[in-house]
Every structure is written in structure tokens, then in C-alpha cells.
Amino acid sequence: MDHRNTTTATNNSYGNSNPYLQLSPLPSNGQGPQGRRPMDKICDSLNRCGKRFEDVTRKAESYAVKTSPSVSDAAMARLAQETKVLTEGGHDKLFQQTFEILPGEKLLKTFACYLSTATGPVIGTLYLSTKRIAFCSDNPLYQYLPTGQPQWTYYKVVVPLDQLGSVNPSSDRLNHSAKYINIETRDGHEFWFMGFISYDKALKHLTEALQHSRDSYLAFSC
């Protein structure tokens, strides 16, 4: 199936009708949770990863159509993501800073990937925990508020596991190497993820999370 013209996560700002989509604005001082400006962290990553990562990031943020990034792009994204994890103190700490930990929640897996949106792929990290699937863009994006004012925001998706309806593998009918993972919620919302370095591993863990959620739902219903 060709997903290049598929409508996915909307870029509407605050008050959008998708309950799983969040746009988190930066503080007015332009600093993140660690008190450093996001651009400082981006520059740190660029210095470590070199000019190739700069080219990959620019290309990922400037796509006008939804295409599947190459494996090399995904690998460089993973390297940049790991660098960010090290500077922030680990996957668990970064997840807690980004989404806050729910009672009894444990982070299970993380995946560097892209989220398909109406304006192109957004590079970021997909988190799988014992309670939800969550995505956050690696870098702040320039968004426009309903008032017409621009704002730097992080693009987030949060789907509780008990609202997860299906996890579907897919590929572009014109390019079978372009693989996607489609996540649908019980109430009809869907998201497309792509550009995984280890696609099969990501699909396996997300499918297992869906099955566990269904088993828990059935046990609760009985």
C-alpha cells in the first residue's frame, strides 16, 4: 500500500481533536528541563556526530512528502539519539523528563524512528513502557499557534496500552523496502512510524505489548 498521501498525525496546535497528540511548547526562556537551551544540546550532538548528522536532520525536517528514510539516515538518527541519552543520564531519566512516570510504570524499550505527519517525517524516539507507547521528536519544531504566532514545540504522541487497538506491519507498494508500523487506537486514531534500524525487533515488541494489553483486558472483563 502506498502511504505517501495518507493523512496521519495532524499538526494542529492546542485544542486539536486528536487526544493522543501533544505539542509541548518550550518555556519562554527557550530552555529545556535541564536549564539548557535546546539548541545547545542539538549543537553538542552535531559536534559529536559530525556533518553527516547535520545533513540527515535537516533533510528529515524539511521533507514535504512522507517518504521512508534510508537505513543510513536511521542509523545516524540512532547515533544522535544515543548521544542525547548519554548527555541526559540514560533512557529512563530522559523518558521521565519528557513524559513523567506513571505509578508502577517501567520503561521497556526505546526505538529511534520517524513519525509520519501531514508535513513530512518527524525524527524522534518511540518509547514502549508497561503502560503506554509514547513518541517525542528529538528536536523542537517550529509550529504555528491558532493565533497565528509561531512557537517552538516538541511533537509528542502518547497512547495508553489499554487504548491500543492494533499494530500493523506495512510497506509501500512501489517500494517494498520502505516499511511502516501502523498503530491504531480503539477509538479510531492512527499513527504511522517508519525508518526503524531494526524493524522486525520493533514490530515484535509492539505486537507483544498489544497482545499483553488484550490479555489484561480479557482478564479484567471476566
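1. In this predicted model, the side chains of N182 and E190 are joined by a polar contact of 3.4 Å. It is a nice place to start looking, with N182 sitting in strand β8, which covers residues 175-185.

2. How accessible is N182? Its relative accessibility is 3%, and because buried means under 20%, N182 counts as buried. Setting aside neighbours within four places in sequence, you will find N182 in contact with S166, V167 and N168, and also with E190, F191 and W192. E190 therefore appears both in this contact list and as the partner in the 3.4 Å polar contact.

3. On to the salt bridges, of which the structure holds 2. One is formed by the side chains of E105 and R132, at 2.7 Å from N to O. E105 belongs to the loop between α4 (91-99) and β2 (107-117), while R132 is in strand β4 (residues 132-137), so this pair ties together parts that lie 27 residues apart in sequence. Do have a look at the surroundings here: both E105 and R132 are buried.

4. The side chains of E208 and K204 also meet in a salt bridge, with an N to O distance of 2.9 Å. Where do these two residues sit relative to each other? Both are in helix α5 (residues 199-221), and because they are 4 residues apart, about one helical turn separates them.

5. A last remark on accessibility for that helical pair. E208 has a relative accessible area of 41% and is partly exposed; K204, at 46% relative accessibility, counts as partly exposed too. E105 and R132, by contrast, are buried.

Definitions and conventions
Residues are numbered from 1 along each chain as its sequence is written. This is a predicted model: local features need pLDDT of at least 70, side-chain atom pairs count only at pLDDT 80 or more; totals for chains, interfaces and linings use all residues. Side-chain values use heavy atoms; hydrogens and water are left out. Buried means under 20% relative accessible area, exposed over 50%, partly exposed in between (1.4 Å probe, protein chains only). A polar contact is a pair of N or O atoms within 3.5 Å; within protein, one must be able to donate a hydrogen and the other to accept it, and residues adjacent in sequence count only if both atoms are side-chain atoms. Contact means heavy atoms within 4.5 Å. A salt bridge is a side-chain nitrogen of Lys or Arg within 4 Å of a carboxyl oxygen of Asp or Glu.
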